[in-house]
Amino acid sequence: MGFRDKITRRIPIPRWLHSVQHELPFVVCTVCDGRLATSGLFTIMKSFRGEECIFEMAICAKCAEAEMDKWSTASRKAARDFRAARREHQDGDGCETCGADLGTVRGVAVHAHCRAGQLLAVTHMCTTCEEALHERLSPKTREENDRFMRTHFPQPPWMYETPTPEPVLVSGPSTP
Ligand SMILES: [Zn+2]
Ligand SMILES: [Zn+2]
């Protein structure tokens with residue numbers, strides 16, 4: 001591991017963040033089919049119930065930004081406020097938002113921020129927090145999220161068992 005990798009703590013994307021459906025690392029963006037290796041930053045999103053992955057996708061930064069642009073101002077603010085609550089728990093072992101023990105939560109949503117096969121950072125949220133965030137989104141944003149899911153997952157992947165609620169696209173705009 002090079003010095004730069006060491007100080008930035010970059011590691012190759014681990015196997016648990018590979019596509020369960022394809023049994024390979026994610027290669028293309030779920031939205032635009034662009035190659036992730038050359039598209040700069042991208043995000044792998046997975047939802048787990050226990051050890052089982054029930055939803056997964058990868059989205060390039062360009063598409064994530066385009067989707068976030070569709071969020072209403074109220075939803076952006078709600079997501080921002082929600083993330084602010086994370087600060088007091090983010091250094092603990094539990095859910096980054098509420099501090100709940102990850103061994104006892106119903107499920108976890110994981111967002112892994114990557115570039116060129118390297119994992120840069122992982123954020124996560126327990127299912128209860130995900131539902132709480134979903135509740136705070138405006139009807140327009142929820143509709144937009146539903147439309148996104150219908151468009152890109154018309155035939156839900158085998159592991160997708162209609163979690164309630166549908167996974168929130170991205171845990172909020174990346175910049176306030
Ligand atoms: Zn894309
Ligand atoms: Zn939580």
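**Notebook: a five-stranded sheet and its helices**

I began with the E4 and E5 pair: eight bridges join these strands, and the two run antiparallel. I kept in mind that this is a predicted model. In this pair, I found Ala 109 opposite Met 125 of E5. E4 and E5 make a hairpin, with two residues between the strands. In the turn I noted Ala 116, whose phi is positive, about 45 degrees.

**The whole sheet**

Next I traced the strand order. The sheet is open and has five strands, in the order E1-E5-E4-E2-E3. The pairing is antiparallel. Which strands stand at the edges? They are E1 (11-12) and E3 (52-60). Each has a single partner strand, so one side of each is left without a neighbour in the sheet.

I then checked two more pairs. Strand E2 (residues 41-49) is joined to strand E4 (residues 108-115) by eight bridges. There, Thr 43 stands opposite His 113 in E4. E1 and E5 share two bridges and run antiparallel. Pro 12 faces Gln 118 of E5.

**Helices against the sheet**

I looked at H4 (residues 127-136). This helix lies across E4 and strand E5 (118-126), at about 80 degrees to E5. Which residues of H4 are buried? I listed Thr 127, Cys 129, Glu 130 and Leu 133. They span an arc of only 160 degrees around the axis, which puts them on the same side of H4. A general rule helped me here: an α-helix has 3.6 residues a turn, so residues three or four places apart point the same way. I also looked up what covers the buried residues of H4; the cover includes helix H3 (73-86), E4 and E5.

**Two nonpolar cores**

I turned to the largest nonpolar core, which has 15 residues. Cys 29, Leu 36, Phe 42, Ile 44, Ala 58, Ile 59 and Cys 60 touch the most other members. E2, E3, H2 and E4 each give this core at least two residues. Which element supplies the largest share? It is E3, with four residues.

I followed Cys 60 further. Leaving out residues up to four places away in sequence, Cys 60 touches Cys 29, Cys 32, Gly 34, Leu 36, Ser 39 and Phe 42. Apart from this core lies another, of 14 residues. Its members include Phe 48, Cys 53, Ala 78 and Ala 109. I had already met Ala 109 opposite Met 125.

How values were computed: Residues are numbered from 1 along each chain as its sequence is written. Chains are lettered from A and ligands numbered from 1 in the order in which they are written. This is a predicted model: local features need pLDDT of at least 70, side-chain atom pairs count only at pLDDT 80 or more; totals for chains, interfaces and linings use all residues. Two strands pair if DSSP finds at least two bridges between them. Two residues are in contact if their C-beta atoms, placed from the backbone, lie within 7 Å. Axes are lines fitted to C-alpha atoms, for helices over the stretch in contact, and angles run from 0 to 180 degrees between N-to-C directions. A nonpolar core is a set of buried Ala, Val, Leu, Ile, Met, Phe, Trp, Tyr and Cys residues joined through C-beta atoms within 7 Å. A residue is buried if 20 or more other C-beta atoms lie within 10 Å of its own, exposed if 12 or fewer, and partly exposed in between; C-beta atoms are placed from the backbone. The arc is that of the directions from the helix axis to the C-beta atoms.
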